[in-house]
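Me: Please take a close look at one part of this structure, the packing of a pair of helices, and then set that part in its surroundings. I would like a single connected account rather than a list.

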Amino acid sequence: MRLFVIAWRNLWRNKKRTLITVSSVFFGVILCSLMGSMQEGSYNSMISNLVNFYSGYIQLHNEDYWEDKSINNSFFESDSLVNKVMAVDGIDYIIPRLESFALLSGGEHTKGAMVMGVHLEKENALTSIAGKIIEGAFLSGDDEGVLIGFRLAEKLQVGVGDTVVLFGQGYHGITAAGKYPVRGLFKLPNPNLNRRLVYMELKKAQEFYGAERLLTSYVMVVKDNKIMKRVLPVLKNNISKPYKIRSWVEMFPNMIQQIESDRSSALVMKGVLYIVIMFGILGTVMMMVTERRREFGVMMAVGMLKYKLAITVFYETLFMGMLGVVSGLLGSLPVVGYFYHNPIPLTGKVAEWMADLGFEPYMFFSWEAGVFINQMVAVFLITIIVSVFPFVRIMKMSGVNALKG
Amino acid sequence: MSIIRIKNLHKVYSQKQIPVKALNGVDLTFDEGEFTALVAPSGAGKTTFLNLLGGLDLPTEGSVEIGGVRIDQLSSAEKTKFRLTNIGFVFQAYNLIPVLTASENIEFIMELQGISKRERAVRSRELLEAVGIPDKANVRPLQLSGGQQQRVAVARALASKPKFVLADEPTANLDSKSTENLLDIMLQLNKKENITFIFATHDARVVKMARRVITFEDGKVINDEVR
């Protein structure tokens with residue numbers, strides 16, 4: 001107890017120096033928190049756009065489908081399969097899809113498009129696509145029409161009420177062709193989907209591709225990544241050939257690699273910042289130890305064991321680091337909180353570049369506890385590392401030499 | 001009865017690779033309850049002698065035995081623990097812990113000994129009364145005069161109920177009134193609690209009050225006078 005008190009009071013013997021050191025930690029933590037929050041926010045947005053507007057967390061396919069996304073690698077709708085999947089605790093609902101490619105023509109323009117045959121009601125429950133219609137209306141019942149991404153519509157120069165022609169290869173090589181009225185234009189957060197996606201009612205898609213009662217995937221909707229991790233091994237265990245269960249992580253390994261590589265580069269930047277912080281604290285601690293050499297000698301003379309002295313200096317280092325972290329986190333929380341609710345819109349070339357990469361042109365922030373806990377852990381580790389120096393100096397200190405100052 | 005036995009004590013320092021003999025074959029014994037002054041000009045080995053006696057330094061040759069324990073043969077941690085329970089130190093520059101109040105400085109030693117909070121508070125109050133500054137319990141060292149700081153230092157030295165107190169020039173920075181007060185206090189404690197006091201000094205006022213005066217010259221005892 002007394003060691004804590006002594007350490008805390010020692011900290012304020014040179015207020016200016018302590019405040020300068022704490023400030024260096026404070027600014028470092030603010031920068032790292034903002035950087036970490038921005039990074040994680042962007043990743044979360046990417047993942048959220050992917051799983052909430054396209055893939056879902058888990059999908060069931062024919063075992064060959066993901067490597068060769070041909071409609072020939074589809075499977076038959078099956079109530080028993082659905083029941084088997086739904087029996088797993090944690091799965092909210094399941095969405096059937098038939099997905100393939102086709103050429104989409106409107107007037108003189110033609111573009112390749114991804115045609116997604118969906119169960120309207122269930123698909124809307126996952127993607128809220130009805131709310132993303134910016135022109136026209138959502139499909140209803142066994143609607144003969146299609147919904148197309150607003151960017152795709154721009155390219156084809158078509159609008160609501162116009163007719164588009166779809167042309168592609170159907171099941172087992174049959175020719176798939178048809179005319180469909182455009183019922184609505186949608187705008188999803190993922191710019192890539194806006195440029196190439198066409199929604200169609202499932203039955204109509206099956207007719208178009210000559211793939212009656214066939215599906216390319218069942219999308220399994222779970223609440224979040226945590227539940228996915230719990231449910232995934234159970235599903236993999238329960239569902240056997242010719243089906244295969246894949247998580248979004250397995251379906252989009254490139255995205256994970258991209259995130260990991262981005263995290264690594266950011267880690268280098270944070271590392272540099274933390275090294276600066278570390279040397280700031282180390283400098284102060286070195287001065288503290290050198291200045292108080294005589295005092296340490298006295299403490300040893302009156303009967304204080306060296307390791308207790310070292311612990312006192314460790315507490316001082318820890319207090320400095322923790323004061324910086326706590327103040328830094330208190331300072332960064334409102335900023336991060338504000339930007340979490342109000343992402344920064346990007347403009348100009350950066351926005352275009354982001355859209356080209358398939359990302360929303362916004363700087364998103366994350367409010368995850370991990371972003372802040374990481375800073376605490378990093379500064380705590382720094383104080384441990386920095387404490388090694390005074391610890392070694394004190395343990396090597398000779399009482400009589402220390403008394404000479 | 002001798003509580004301290006010093007035999008053939010030598011200490012050689014190396015200054016810029018030139019050996020300097022600080023102590024050159026000292027043989028001494030100290031009895032319980034002594035009030036002794038070690039007198040010598042500067043550099044004659046007084047402080048070195050006290051450092052060896054307190055286990056702060058290692059002799060080049062010879063032995064230091066206190067209460068049957070060869071402290072020159074103890075490890076660093078053992079010596080520290082030995083000092084904690086057997087030896088009190090009073091330094092020329094007071095050397096109080098600046099961030100602790102007077103009573104906290106006194107209690108600090110007792111806390112290291114593992115004495116309970118209540119007992120510490122009682123003894124700290126008693127000691128501050130004994131050294132004549134009970135009203136300064138909650139004052140930090142920098143707000144005390146030199147004399148008051150040295151009184152706290154004496155109280156701190158006595159906090160652990162040591163067998164003897166080593167005082168290195170304790171009056172060097174004090175005016176004559178403070179010196180007189182401090183010596184009176186130490187003499188009273190010596191008589192009342194039978195604590196052995198050994199002073200390294202060249203202050204005539206201390207020498208005058210000492211019951212035994214040992215004179216050092218060139219690292220040797222040249223005179224040992226019991227009054």
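Reply: What follows begins with the pair of helices in chain B and then moves outward to the contact between the chains and to chain A.

The model is a predicted one, and every value below should be read in that light. Two packed helices are described by the angle between their axes and the distance between the axes. In chain B, helix α3 spans residues 102-113 and helix α4 spans residues 117-130, and their axes come within 9 Å and cross at roughly 130 degrees. Because angles over 145 degrees count as roughly antiparallel and those of 65 to 115 as roughly perpendicular, α3(B) is oblique to α4(B). The crossing of these two helices, α3(B) and α4(B), is right-handed.

On the side of α3(B), the contact is made by B:A102, B:S103, B:I106, B:E107, B:M110 and B:E111, while α4(B) contributes B:R120, B:R123, B:S124, B:L127 and B:L128. By character, the residues that bring α3(B) and α4(B) together comprise five nonpolar, two polar and four charged.

As for the setting in sequence, UniProt, in an unreviewed entry, places the feature "domain: ABC transporter" at residues 4-226 of chain B. That span, residues 4-226 of chain B, is 37% helix and 30% strand, and its end C-alpha atoms lie 16 Å apart.

Helix α3 of chain B also has a part in the contact between the chains, which takes 18 residues from chain B and 16 residues from chain A. On the chain B side, the elements that give two or more residues are α2 (76-86) and α3. The residues on this side of chain B divide into 11 nonpolar, four polar and three charged.

Across that contact, chain A is divided into domain 1, made of 2-50 + 255-403, and domain 2, made of 58-223, and the C-alpha centres of these two domains of chain A lie 49 Å apart. An unreviewed UniProt entry lists residues 20-38, 271-289, 309-330 and 372-392 of chain A under "transmembrane region". In the model, residues 20-38 of chain A are 100% helix, with end C-alpha atoms 27 Å apart, and residues 372-392 of chain A are likewise 100% helix, with end C-alpha atoms 31 Å apart. The annotation "domain: MacB-like periplasmic core", also from an unreviewed UniProt entry, covers residues 18-224 of chain A, a stretch that is 36% helix and 35% strand and whose end C-alpha atoms are 44 Å apart.

Technical notes: Residues are numbered from 1 along each chain as its sequence is written. Chains are lettered from A and ligands numbered from 1 in the order in which they are written. This is a predicted model: local features need pLDDT of at least 70, side-chain atom pairs count only at pLDDT 80 or more; totals for chains, interfaces and linings use all residues. Axes are lines fitted to C-alpha atoms, for helices over the stretch in contact, and angles run from 0 to 180 degrees between N-to-C directions. Helices (H or I, at least four residues) and strands (E, at least two) are DSSP runs, numbered from the N terminus. Angles under 35 degrees count as roughly parallel, over 145 as roughly antiparallel, 65 to 115 as roughly perpendicular and the rest as oblique. A crossing is left-handed if the near helix is turned anticlockwise from the far one by less than a right angle, and right-handed if clockwise. Two residues are in contact if their C-beta atoms, placed from the backbone, lie within 7 Å. Ala, Val, Leu, Ile, Met, Phe, Trp, Tyr, Cys and Pro count as nonpolar, Asp, Glu, Lys and Arg as charged, and the others, Gly among them, as polar. Domain bounds come from an automatic or database domain assignment. UniProt positions are given in the numbering used here, feature names are shortened, and annotations may be inferred rather than shown by experiment.
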